[in-house]
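Look at the sequence and the structure below before reading on. The paragraphs after them go through a pocket, two pairs of helices and one loop residue.

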Amino acid sequence: MPLLIQNREVDRPSSTEELFDKYPRLQENAKAFCSRPLVDVDPKCLLYVRQREFAATTPDDSTVSVIGSDDATTCHIVVVRHTGSGAVCLAHCDGSSTWSDVPLIVKAVTSLSDRNAEGRLELHLVGGFKDESKTSHKLSLSLLAEFQKLKEDIHLETCCITEINDHVIDEIHRPVLYGIGVNVKTGEVFPSLFPHKGPAEDLRSARTFTGGQMADIYDPRRGLVKIGPCDWSQNLDIAFWISQDDDTILKYLSTSPMAEPPHFVQHIKSTIQFLLEHPDSDMLFPGGQPQFYHRTQEGDWERVPPPQHLTATLS
């Protein structure tokens, strides 16, 4: 079934400009969303999603109240929610495998929803800007095209992408919004930034840096974050980047060197240092099992042993 805007079927646009010209209310809503103030989120109720990750849950979740992601420049943050069940998924997409990412995102929501439940699937897209290489524009169109291919009806509610999410500061194009969150209890989607990006920030960044594909990082039934197992081998050549200056790292390791957040370079160096200190990924995942984290009573993420059914399978 098609992608829908205001209950009308959407023809595949040739550009984001064409889309917004045809649906001026969509553009008005997007501009209004971009102008909203950032919302502060208590890290003790947050589930943070990194690039090439997604997480889904329901309003019954006692561990997570907000799913969020940020640091998106050319990347897009995708939220799909079922209005009947309240099941919601947030993903951070970079265009590396959009064709397979989109079905995973929707399936994550429908698998948590009663098939007979009333309601509809609603889509929120935020990300990108007017970058010189038009990477953002290509990803915007790719995401819209893949959602159009699905058998489910998808109602596009928020579309704050590419030129709508762009402003010029000191003659440089930058995103207006770098991050969003979704309240899993109410379904509200809002602009935000997240200083706390755990658990296992360096490990998760290393997974993406070494080519890991889109991964589901959360088990909502157990309230567990699950990471890996990851697969990389020793690569001493990456030590080269540790000694490079900021401009060099931005030029070669970013899709948008003029628009990255201030902590980008330090984040890259921290990730590379982690890989140098852990040259064999197998050592981080005993028995080939993921790392699991649960939320303590104090609200922090703490690593815990694998669930019993997994260890029983191994034995």
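In this predicted model, helix α7 supplies four residues to the lining of the largest pocket, which is the largest share of that lining. The space in the largest pocket comes to about 630 Å³. Its lining has 25 residues, and the ones closest to the centre of the pocket are Q51, T208, L253, F264 and I268. Two elements, α5 (201-209) and α7 (264-277), each give two or more residues to the lining. What is the make-up of the lining by nonpolar, polar and charged residues? The lining has 12 polar residues, seven nonpolar ones and six charged ones. Rolling a probe the size of a water molecule over the atoms is a way to show where empty space is left.

The two helices named for the pocket also pack against each other. Two packed helices are described by the angle between their axes and by the distance between those axes. For α5 and α7 the angle is about 90° and the axes are 9 Å apart. Angles from 65 to 115 degrees count as roughly perpendicular, so α5 is roughly perpendicular to α7. On the α5 side, the contact is made by E201, D202, L203, S205, A206 and F209. On the α7 side, H267, I268, S270, T271, I272, F274 and L275 take part. Sorted by class, the residues of this contact are seven nonpolar, four polar and two charged. I268 of α7 thus appears twice, in this contact and among the residues closest to the centre of the largest pocket.

A second pair of helices is α3 (residues 98-110) and α4 (residues 135-148), whose axes come within 9 Å and cross at roughly 55°. How are α3 and α4 oriented to each other? The angle is outside the ranges for roughly parallel, roughly antiparallel and roughly perpendicular, and α3 and α4 are therefore oblique to each other. The crossing in which α3 passes α4 is right-handed. From α3, the residues that make the contact are T98, W99, V102 and V106. From α4, they are L139, S142, L143, E146 and F147. The contact of α3 with α4 contains six nonpolar residues, two polar ones and one charged one.

After α3 the chain can be followed into the loop between α3 and β8 (121-127), where G119 is found. Which residues does G119 touch, leaving out those up to four places away in sequence? They are H82, T83 and G84. G119 is also 38 residues from R81 in sequence, with a C-alpha to C-alpha distance of 9.8 Å in space.

Definitions and conventions:
Residues numbered from 1 in each chain as written. Predicted model: local features only at pLDDT ≥ 70, side-chain atom pairs only at ≥ 80, totals over all residues. Heavy atoms only, no water. 1 Å grid on protein atoms, 1.4 Å probe; cavity = no way out; pocket = protein on both sides within 12 Å on 5 of 7 lines; lining within 4 Å. Points joined across faces, edges and corners; volume = space filled by probe spheres on them. Nonpolar A, V, L, I, M, F, W, Y, C, P; charged D, E, K, R; others polar. Axes fitted to C-alpha atoms, helices over the stretch in contact; angles between N-to-C directions. Parallel < 35°, antiparallel > 145°, perpendicular 65-115°, else oblique. Left-handed = near helix turned anticlockwise from the far one by under 90°. Contact = heavy atoms within 4.5 Å.
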